[in-house]
Each structure stands twice: as C-alpha cells, then as structure tokens.
Amino acid sequence: MTTPNKTPPGADPKQLERTGTVREIGSQAVWSLSSCKPGFGVDQLRDDNLETYWQSDGSQPHLVNIQFRRKTTVKTLCIYADYKSDESYTPSKISVRVGNNFHNLQEIRGRGVHSGL
C-alpha cells in the first residue's frame, strides 16, 4: 500500500483504503512464494479473508516475493499475522528486503513498526 501521509500503527488498512488515505497496489505486482501447500498459496495470501492464509511447504527461509513491473515507491506494508489462532505457524521474525533485482536486495528497518506478535 502507498500513502501520502504517515499511517498510525494498528490502523485498519481496509478502512484507510475506503477513506482514500492509502491505495492498495499489490495487484500491480507479480507475487511468488518459495513454497506452498496446495490450496494455501498466493490467492489465499491476498484474498482479504482472515480465515484463509498462505502455508509454506518447504525448508526455511519461507519467502514471499513481490516484484513490480516498474520502479514503485511503497511507503506502507501491512502484514496480518494471528499468533493466537496458530502459534506454531505464525512467524516470530519477518524480514523486508528491497532492491532493483533479486541479487541486490537489502533488508530495511521499519520505522513505526507495530507488531502484535
């Protein structure tokens, strides 16, 4: 999601989108996963249903790759993880890396990161 202003931690991304505060741009990207179990892939990761999810099916690290066709500025990234629903599959660490191609990715440190983990 991109946003022209600072988004408060814990804000509801869908509500912010409805009010025009943010714009969802994930549909402009190509999404791929390091692995997934059948029926638990990109479609379930992106379907806006909190009852469905991505579940990896391989060795770590488990990766979600989001590649935009052209240079794109992303100011806000929203990730929903529900530790109370399934603590065994909820990540304890999430790394966000950016770059111009897969070989020059660098980890970014979040400002204003809000975590319920």
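Helices and strands are here DSSP runs, a helix having at least four residues and a strand at least two, and they are numbered from the N terminus. With that convention in hand, threonine 90 can be placed in the loop between S2 and strand S3, the latter covering residues 96-98. The structure in which this residue sits is a predicted model, and what follows should be read with that in mind.

The protein chain has two helices and four strands, and from the N terminus on these elements run α-β-α-β-β-β. The chain comprises 117 residues, of which 13% count as buried, and its accessible surface comes to about 9,500 Å², with 48% of that area belonging to carbon and sulfur atoms. Among the contacts with a separation of 6 or more, 41% are made by residues that stand 24 or more positions apart.

Confidence varies along the chain. The average pLDDT is 83, and 85% of the residues score at least 70. Confidence is lowest in helix H1, residues 13-18, where the mean is 82, and highest in strand S1, residues 29-33, where it is 96. Over residues 112-117 the pLDDT is below 50, and this stretch has seven contacts in the model beyond near neighbours in sequence.

The charged side chains offer a way into the fold, since a salt bridge is counted where a side-chain nitrogen of Lys or Arg lies within 4 Å of a carboxyl oxygen of Asp or Glu. The structure holds three salt bridges. In one of them glutamate 17 pairs with lysine 14, the closest N and O atoms being 3.3 Å apart; both residues lie in helix H1, three residues apart, which corresponds to about one turn of the helix. Glutamate 17 is partly exposed at 29% relative accessibility, and lysine 14 is likewise partly exposed, at 29%.

Lysine 14 also meets the side chain of aspartate 48 in a salt bridge, at 3.0 Å from N to O. Because aspartate 48 lies in the loop between H2 and S2 while lysine 14 belongs to helix H1, this pair ties together parts that are 34 residues apart in sequence. Lys14, Glu17 and Asp48 are thus linked in a network of salt bridges. Aspartate 48 itself is exposed, with a relative accessible area of 58%.

The remaining pair to describe joins arginine 46 to glutamate 24, with the closest N and O atoms 3.3 Å apart. Arginine 46 lies in the loop between H2 and S2 and glutamate 24 in the loop between H1 and S1, so this salt bridge connects parts that are 22 residues apart in sequence. Arginine 46 is partly exposed, with a relative accessible area of 28%, and glutamate 24 also counts as partly exposed, at 26% relative accessibility.

The loop between H2 and S2 also carries backbone features that deserve attention. Most residues other than glycine have a negative phi, and most peptide bonds are trans. Aspartate 48, by contrast, has a phi near 65°, a positive value in a residue other than glycine. The peptide bond from glutamine 60 to proline 61 is cis, with omega near 5°, and proline 61 is found in the loop between helix H2, residues 42-45, and S2. Serine 59 lies in this loop as well and counts as exposed, at 65% relative accessibility. Its C-alpha atom is separated by 9.0 Å from that of serine 34, although the two serines are 25 residues apart along the chain.

Beyond this loop comes strand S2, residues 64-68, in which isoleucine 66 is found. Isoleucine 66 is partly exposed, with a relative accessible area of 35%, and together with Leu45 and Val64 it forms a nonpolar patch on the surface, the three residues having about 190 Å² of accessible area together.

The path returns finally to threonine 90, in the loop between S2 and S3. The relative accessible area of threonine 90 is 14%, and because buried means under 20%, the residue falls into that class. A polar atom of the threonine 90 side chain lies 3.3 Å from the backbone oxygen of aspartate 82.

Note on methods
Residues are numbered from 1 along each chain as its sequence is written. This is a predicted model: local features need pLDDT of at least 70, side-chain atom pairs count only at pLDDT 80 or more; totals for chains, interfaces and linings use all residues. Side-chain values use heavy atoms; hydrogens and water are left out. Patches are made of residues with over 30% relative accessible area and no salt bridge: like charges are joined within 9 Å, nonpolar side chains (Val, Leu, Ile, Met, Phe, Trp, Tyr) within 5 Å. Accessible areas come from the Shrake-Rupley method with a 1.4 Å probe; for residues, only the protein chains shown count as cover. Buried means under 20% relative accessible area, exposed over 50%, partly exposed in between (1.4 Å probe, protein chains only). A polar contact is a pair of N or O atoms within 3.5 Å; within protein, one must be able to donate a hydrogen and the other to accept it, and residues adjacent in sequence count only if both atoms are side-chain atoms. pLDDT is the predictor's confidence in each residue, from 0 to 100. Contact means heavy atoms within 4.5 Å.
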